[in-house]
Every structure is written in C-alpha cells, then in structure tokens.
Amino acid sequence: MSKQRVNMTRKNQEETGVQLLQLLISGVAQGCIYGLIALGFVLIYKATETVSFAQGDLMMVGAFSGLAAMTLLGFPFWIAVPAAIVAMGIFGVLLERLVIRPILGQPAFSIVMLTIGVGYVLRGLITMIPDVGTDTHTMPVPYAGEVLRLGGLVIAAEQMVVIGATGILCLGLFAMFKYSKLGIAMQAASQNQLAAYYMGIPVKRINGLVWGLAAGVAAVAGLLLAPITFVHANMGFIGLKAFPAAVVGGFGSLPGAIVGGLVIGIVESLSGFYLPEGFKDIAPYIVVLLMLVLKPNGLFGEKLRKKV
Amino acid sequence: MRFIFKTEYNQDITLAKHGGHVFWYSLLAIFLVLAPWALPEYWLAQMTFVLIYAVVGLGLMLLAGFTGLFSLGHAAFLGVGAYTQAVMVNAGVPFPLALVCAGVFSAIAGVIVGLPALRVKGIYLGMATLAFGFIVEEGMARWESVTGGNAGLMVTYPKLGGWTLDSTEEFYFLCLLVTVGATLAIVNLLRSSTGRAFVAIRDSEISAQSMGIHLARYKTLSFALSAALAGIGGALYAHKIQFLSPEQFSIIQSIDLLLMVVIGGLGSIHGAFLGAIFLIVMPQLIALGKDFLPAAIGGAAGLQGTVYGMVLIAFVLFEPMGLYGRWLKVRTWFQLFPFYRRGLFKRQKSFQKSDRLK
C-alpha cells in the first residue's frame, strides 16, 4: 500500500517536472519573440534615443511580406525568408530617411508620436488590401506541425526553430557589434554622436542602417512567430508586450533585451498555468512595474545621472 | 497689431486681456448656450462628446503639455471614473456626489501611478503608465461582481432628487457646466505658483529643482489633478455612452487621447479643445469622404487608421505645435501683415536636451 503510494508520488513528481519543463520551453520560445522585438527597440533607442512604437507593426509587415513572397511570388521557403528580411531592412532604411530624419533633434516625444502614426498607417494599409488584409493566414513553413518527443516531453518544431534562430541571430549580432567595422561604428555613434562624427563616422547614415537592422530583426521575429500564431493585421500588438521585456533588461542594453524577453516569456507561461485566469496577460506588466519600483534601470542598465 | 495700454494693476490678472478676448469669448458663450435650440440633436450629441473629451484632454494637457510627463495609460483613469460613476449612480447616489467620487477615485489612482513614476523618467514613465493601463483594463474585465466584466454594464441617467437628466439638452448643459468649470480651474491653476512650477518642471527638471521646486510633490500633484479630470470626463462619458465595457478603456483609447492633445497642440489650453473637436469630427469627415473614393479604398476597414496615422505624421513633421500652433501663425500673419517673416516660428533644434550623458 505505502510502496504503491510512494510510486504514485514519484510518478506525480516526474509528471510535474516534465510539465514544468514543458512550460519553460514554451515560455522561452515566446520570450525569444519578445526579446527579438525588444532588440529592435533597444537598437533604435541606442542610436537615436527614441522609442519606436512601430516595431510591432514592422514585425507584422515582415510576416506579411514573407507570406507574400511564398504564396504570391511562389518563392521557396529558403529564398522567401531572406528576401522578406532584406526587403524589411530596406523599408526600415527608407522609413528613417523619409520620416524620422527630418525631425531628429526634436523632443523625444515627437518621435514617439511619429512612430505611433507610422504604426497606425502600416496596420491600416495592410488591412486595406482587399481580401487579404482582414483575414487570418497560415504561413506554409516546411516544419509545420512536426513535434519532437523527448521522454515525456513534447516539443513543437516551431518552438525549436524560434529558439534556435534567435540564438543564431544573437551570435551573429554579437559578432557584428564586436568585430565588424560597421558594428563598432554603430556602438561609437550610440555612445557619443559628436565624437563619432569627429572620427569620421557618418552618423546619419549609421542611424539609417540601425533602423534597417531593427526592421530586419522585426521581420525575423514576425517570420518566426507566424507559424505559431498565424499572420494577421493585428499581430503587431504583441509588440506592446516587448516593451516590458526591454525595460526589464534595461532599455539601453542589447543582451538585456533578450534576457528581458526570456524573463517575460517564462513569467507569462508559468503564470498562465499556476495563477488564476487573467493573470497571464498582465503578468508582464506587473513584472515591469515591480522592476521600475525596485530597479528602475533594469537588469543590465547603467546607472548614470546627468551632471549640470 | 494690438497694443495693450496698462492703466491698472488689475489688468495683469484679469483673464480677458483685451476687448477682442471679451468679444470673441462672449460670442462663443452665447453660441454654446443657444446650441440646443440652434443645432439638430445629432450634432448636439457630437458637441457633448467634444465637451467630454475636452475635459479629459485638459487633464492630459496639464500632465503632458504643461508638466512634460507623458502618460500612455490615461484611458485607465477614464475607466476608473466611468465605472465609479456607473456603479454609484446605479446604486442611487445623487450624480453630483458620484461625480466628485469619480474624480477623487481617479486622483487616488493617479497618485498610485505617480509614485513609481517619480523614480523614473521619459520612456520609463511611459512604460509604467502603459503597464498600469493594461492592469486596470484587465482588472475591469475580471472584477465581474462590480463592473459586470466583459459582458458590460448599463448606466442609468444622472439623477438628483426627483429630477432625471434624460434629455440630450439637459445632459449637454451638465457637460457644458463641468467643462467651463474645469477650464477656468486649469486656466487659474496655470497662473498660480503651482502652475508655474509645473511649467518649470517641463522646461528643465534640473533648474526647477535648483529653484527649490519639490519635484516629487509637484509631479504627484500633476498626476493627481490630471487623473481627476480624466475621471470626471470618464463619469460624463459613462452617462453619454450608457454602456461600459473594459475594451473601451484599452491602449487604443489611451493613444487616441494622446493623439488628441498632440494634434490639438501641446502646451496650450485651446489645444485640448481643438484636439477634441478633431477627434470627434474626423471620423465623420472620413465617413463623408468615403463616398468620393473608389469602393476598394472607401469601403476598406483600415481607412480610418491610415488617415489618423497620416494626419498624426503630418502634424509631427510639419506643425509640431498642432492645430493651435497653426492658428497662432495664421493670426500673426494677419496681425503683422505685410511683415510676417518665414522664420518667425522656426523650431529650435533641441539636441542639447538629450538624456545622453556625454
């Protein structure tokens, strides 16, 4: 009798362990998406000291352009994905040149409102495309619906791809910022624009490229998210959950954005299971409020104070 | 050009600075009082909405335009006010008392948000208010015993003793009264030392601090007053719309409110009203314009969002002082005719105001 009970509890414990692991993995996968969008915020914040509210909508446009490349133009998956990312990168550069650059130097809030406007326009224009804009689409990816079974663990291929791709992208960005001339120039420009300008770095062009990079990263996030949640015009609202990610990581830190994204993703996934219904959606915001009260500069933010 | 000759000290503190003010504002007052008889009922209802949004706009203008603190969660205060009013009036409380309670509860919520906001600046403040907005919205959806949750909550007509304000006209006058009161309060506040302190904080926190302004106190006060006005606006909104559901107070509403003050013109009281007019009239104009567009564009669902976004982009790029700024330029052009110069209102680039440390 008692032996049987011990066996039962052990089995229960194993099950809860597997369950926890399962939740953690889905949280990490979701967190990677948040992290990637937050990465876009941070890139733009570091370069132009403004926050782009259009990041979520850029992600949505990225997903739609990937979809268009696959279904409309008939590209195979492996060409459509880079094509969508490059197209979004170019779009980001153009956006910076046409809309953002003319008002650089204005109070930061003007640019925030401007990006909100850009987000409205992007969402509106996508919705206005006849027959396509208002519908929900499935992204035809080759790995759709496949699962990996590991003991009691069931991992969807989509989640594996999200985690893997985020890891590779982060390594790539890390290498770029550390070793390439362009990356070092971006770092210099974000630290001190005037000094960078004196050293011969074309700061304006660098800012444009940063916007392109941020839009490209947003497109990656959109393409990764698409198989999980479908493609639709309002998917950009997930960008609002990436703000907590950026704040938790410290708004000025690139690794912080990814870590913050993971924290938010895991918290969301766990609170969705262990806490009463409703907490899942606001858990990220509770975390961010706690963070702002306890450690306003985030996990990786620098604590600095302006001198007069 | 108008030259004001000052012959009395009291001239410095009168609200109407010259005959022009007296004339035009009297004309406006007469129009507003006669509006119920002059306008068809539909337009009167729209004007009531303008007045309600103007009250909320005044609050947000005080916070964003005069104290320099931006709130991305102002719809939450609107919601707190609306639900307070709805629950109290439904329980039979006379509406003036409910209105005061709506303002007070919102102000308390404002202080609660203001407290963490004191430690953070700029974008972090935006994030804190955004987070607060989401939490309140979810709270309204989940606290079903009071708010009715996602199913919504019906609101009865405002009642005072045996008198029920159930006609469009009566409610319009109530809104007009509240709006005029709120406007006079804000105008006078901005002339007082408190208002001056707000403006000083907006222009430079560091210099305000060195002049002896208690930053924490004034920022919290600004949040509280702004939230109180939003709450009163929300209370009127509840009666006007007569049906409350949490999604009316989402981030979209918060962004609409911000859009209102930015397009109206940050840092001007007129801006709150012009923005409110814009917010109410724009959808009507879009609906009218739809008929002239090809069906593929005119009938599309995203048209309104696109137009809003484009107008917002155009204003930020070309007229950062909003509608009121444009009006100032036009007026100056006429006043100075033919001496208006192109660079008269030239924007100063403010690279120096960077938060960057180096």
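This is a friendly dialogue about reading a predicted model, with chain A at its centre.

Reader: I am new here, so let us start with the overall make-up. How many helices and strands are there in chain A?

Author: Keep in mind that the model is predicted. Chain A has eleven helices and two strands. Reading from the N terminus, the order of the elements is α-α-α-α-β-β-α-α-α-α-α-α-α.

Reader: What is the radius of gyration of chain A, and what does the globule rule give for 308 residues?

Author: The radius of gyration of chain A is 21 Å, and the globule rule gives 19 Å for 308 residues; the two are close, so chain A is as compact as a globular protein of that length. Along the principal axes, the C-alpha atoms of chain A fill a box of roughly 80 × 55 × 35 Å. Of its 308 residues, 51% count as buried.

Reader: And how do contacts in chain A relate to sequence?

Author: Take the contacts between residues at least 6 apart in sequence: in chain A, 73% of them join residues at least 24 apart.

Reader: Now to the helices. How should I describe a packed pair?

Author: Two packed helices are described by the angle between their axes and by the distance between those axes. Try helix α2 (residues 55–71) and helix α3 (residues 77–100) of chain A: their axes come within 8 Å and cross at roughly 140 degrees. α2(A) and α3(A) are therefore oblique to each other. The crossing in which α2(A) passes α3(A) is right-handed.

Reader: Which residues of α2(A) and α3(A) make the contact?

Author: From α2(A) come A:Leu58, A:Val61, A:Gly62, A:Ser65, A:Gly66, A:Ala69 and A:Met70, while α3(A) supplies A:Phe77, A:Ala80, A:Val81, A:Ala83, A:Ala84, A:Ala87 and A:Met88. Sorted by kind, the residues of this contact are eleven nonpolar, three polar and no charged.

Reader: Let me pick one of those residues. Is A:Val81 buried or exposed?

Author: A:Val81, found in helix α3 of chain A, counts as buried because it has 20 C-beta neighbours inside 10 Å, and 20 is the number at which a residue counts as buried. Leaving aside neighbours within four places in sequence, A:Val81 is in contact with A:Gly66 and A:Leu223. For a distance to look up, A:Val81 and A:Ile238 are 157 residues apart along the chain, and their C-alpha atoms are separated by 21 Å.

Reader: May I practise on another pair of helices? At what angle do α10 and α11 of chain A pack?

Author: Helix α10 (residues 254–274) of chain A and α11(A) pack at about 140 degrees, with their axes 8 Å apart. α10(A) and α11(A) are therefore oblique to each other, and their crossing is right-handed. On the α10(A) side you find A:Ile264, A:Val267, A:Glu268, A:Ser271 and A:Gly272, which meet A:Phe279, A:Lys280, A:Ala283, A:Pro284 and A:Val287 in α11(A). This contact holds six nonpolar, two polar and two charged residues.

Reader: Last topic: the interface. How many residues of chain A are in contact with chain B?

Author: The size of an interface is often given as the accessible area lost when the parts come together. Here we can count residues instead: 47 of chain A are in contact with 45 of chain B. On the chain A side, the elements that give two or more residues are α4 (108–128), α9 (239–249) and α11 (279–294). α4(A) gives the most, with 16 residues. By kind, the chain A side divides into 32 nonpolar, eleven polar and four charged residues.

Conventions. Residues numbered from 1 in each chain as written. Chains lettered and ligands numbered in written order. Predicted model: local features only at pLDDT ≥ 70, side-chain atom pairs only at ≥ 80, totals over all residues. Axes fitted to C-alpha atoms, helices over the stretch in contact; angles between N-to-C directions. Helix = DSSP H or I, 4+ residues; strand = E, 2+ residues; numbered from the N terminus. Parallel < 35°, antiparallel > 145°, perpendicular 65-115°, else oblique. Left-handed = near helix turned anticlockwise from the far one by under 90°. Contact = placed C-beta atoms within 7 Å. Nonpolar A, V, L, I, M, F, W, Y, C, P; charged D, E, K, R; others polar. Rg over C-alpha atoms; globule rule 2.2 N^0.38 Å. Buried ≥ 20, exposed ≤ 12 C-beta atoms within 10 Å, placed from the backbone.
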